[in-house]
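Please open the model in your viewer, with the sequence beside it, and follow the stops below in order.

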Amino acid sequence: MSIANVGIDLGTMYTVMAASNGCRKCIASEVGFPRDAAAGLLFDEKYVMGDDLRKHRKALNVIRPFKGNRLKSAVTEQDYRKLTDDQPASQITAATYLVKSVLDDLELDSGAQIRCVVGVPSSATIYSQKIIMSLVEKAAQLVAVVPEPFAVGFGLDSNANNSIIIDIGAGTVDYCYFYGAFPAAEDLKSLLVGGDHVDKQLRKAICRKFPDVKVSEQQAQFIKEKFGSVGSYTSPAAVELPTKSGRVISCDLTDVVRSTCQKFAEMIVENLTSHLSMIESEDFAIENSEILLAGGGSQLAGLAEYIEDRLDLRGQTEVKKIHDSRFAGANGALQLARQLPDSYWEQLISTTTIEKNKAA
Ligand SMILES: Nc1ncnc2c1ncn2[C@@H]1O[C@H](COP(=O)(O)OP(=O)(O)OP(=O)(O)O)[C@@H](O)[C@H]1O
Ligand SMILES: [Mg+2]
């Protein structure tokens, strides 16, 4: 039987997969269900994703299955029992459709044994890991989970050795001291908020400053991505927004965007400092290491320089954005799936890597 290896990054915002046949896919992690019987007539399927969802958003109940970290990192034993009951929660149903649909799009050989490595947040509970594994197992034969930033590091060239990887996503910011081997518990850390939190805070701040405007979290996200900056970078943010009275006004959002992004950057720095203090290895010294920023949040203007300044690293340790941050997690997970010998696969699936390291 042939083997198809797949690296999977089930992101809060984007689901990304890379397969050994060279196929790569990225789709928004959201699934739309027709709002009512009339809306149901618009579609051939009982759920929609991608372009169809974007086009008909108003006619759909849209579920972002990984939003709020409930599935990916914070599932408790009690939640797990509830979530795996006979009637699966809508989040699980949506996540199942999402995973199956993207895997189907990869055009893997029919009849091939599908072997997947899936990234999960650094602090994912064992029950979150089990949920993610069981979701993917519905469409694949062998599934292993690894910490998201470790997958990122594995996909980079060997220069990533002895570096700190910070994967700044929509739901979490995940830290990993990367040295080639599977990380131990003290090498991993998660900040349980990410870009979604920034969007929520930015929306609130805009509404406080301009009480008459209408702005959604999604618009706040666009504004953050276009105008967000920290440290010595500034970009003036003059944005036209609709008001409750039906007009459009020009709003100067420079200060609110900046202060919201700055607070997030500060959280990233505080958690980095705490992560560095947790690392027990005598071989680790920040001066001999690099800090690599991954995930969509790494695109925040000025962030790398801000971290260098706050940790007083200028001239010693470089803080760098990695290349191709959208696919880095899936690519690294694919490389792991491909390169691990069968015996390691067995070891990896019998207990998840994170579970094993926590127990050690
Ligand atoms: N230029 C930018 N400035 C600030 N944030 C940005 C920028 N570009 C993208 N982002 C943010 O990056 C986040 C998406 O990153 P990514 O795709 O890595 O998340 P994810 O993998 O889906 O989430 P997670 O790993 O937390 O589950 C969003 O919050 C998005 O708004
Ligand atoms: Mg991610």
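On this tour, a residue is called buried when its relative accessible area is under 20%, exposed when that area is over 50%, and partly exposed in between, with a 1.4 Å probe and protein chains only. Helices (H or I, at least four residues) and strands (E, at least two) are DSSP runs numbered from the N terminus. The model is predicted, so that local features need pLDDT of at least 70 and side-chain atom pairs count only at pLDDT 80 or more, while totals for chains, interfaces and linings use all residues. Residues are numbered from 1 along each chain as its sequence is written, and side-chain values use heavy atoms, with hydrogens and water left out.

Begin by selecting helix α8, residues 217-227, where the buried residues are Ala220, Gln221, Ile223, Lys224 and Phe227. Looking down the axis of α8, you will find these buried residues within an arc of 165°, so they line one face of the helix; the arc is that of the directions from the helix axis to the C-beta atoms. Turned away from that buried side is a face carrying the exposed residues Glu225 and Lys226. Now add α7 (195-209), β11 (238-242) and α9 (254-278), against which the buried residues of α8 pack, contact meaning heavy atoms within 4.5 Å.

Keep α7 and α9 selected, since their axes come within 9 Å and cross at roughly 150°. Axes here are lines fitted to C-alpha atoms, for helices over the stretch in contact, and angles run from 0 to 180 degrees between N-to-C directions. The residues making this contact include Gly195, His197 and Val198 of α7, and Val256, Val257 and Phe264 of α9.

Next, select the open sheet of five strands, which has the order β10-β9-β8-β13-β14 with mixed pairing; two strands pair if DSSP finds at least two bridges between them. At the edges stand β10 (188-191) and β14 (319-321), each with a single partner strand, so one side of each is left without a neighbour in the sheet. From one strand to the next the twist averages 20°. Strand β9 (residues 173-178) runs antiparallel to β10 and is joined to it by four bridges, and Cys176 has Leu188 in β10 as its bridge partner.

Finally, move to strand β1, residues 3-10, in which seven of the eight residues are buried. β1 pairs with strand β6 (residues 113-120) in the parallel sense over seven bridges, whereas its pairing with strand β2 (residues 14-19) is antiparallel, over five bridges. A hairpin of three residues joins β1 to β2.

Definitions and conventions:
Chains lettered and ligands numbered in written order.
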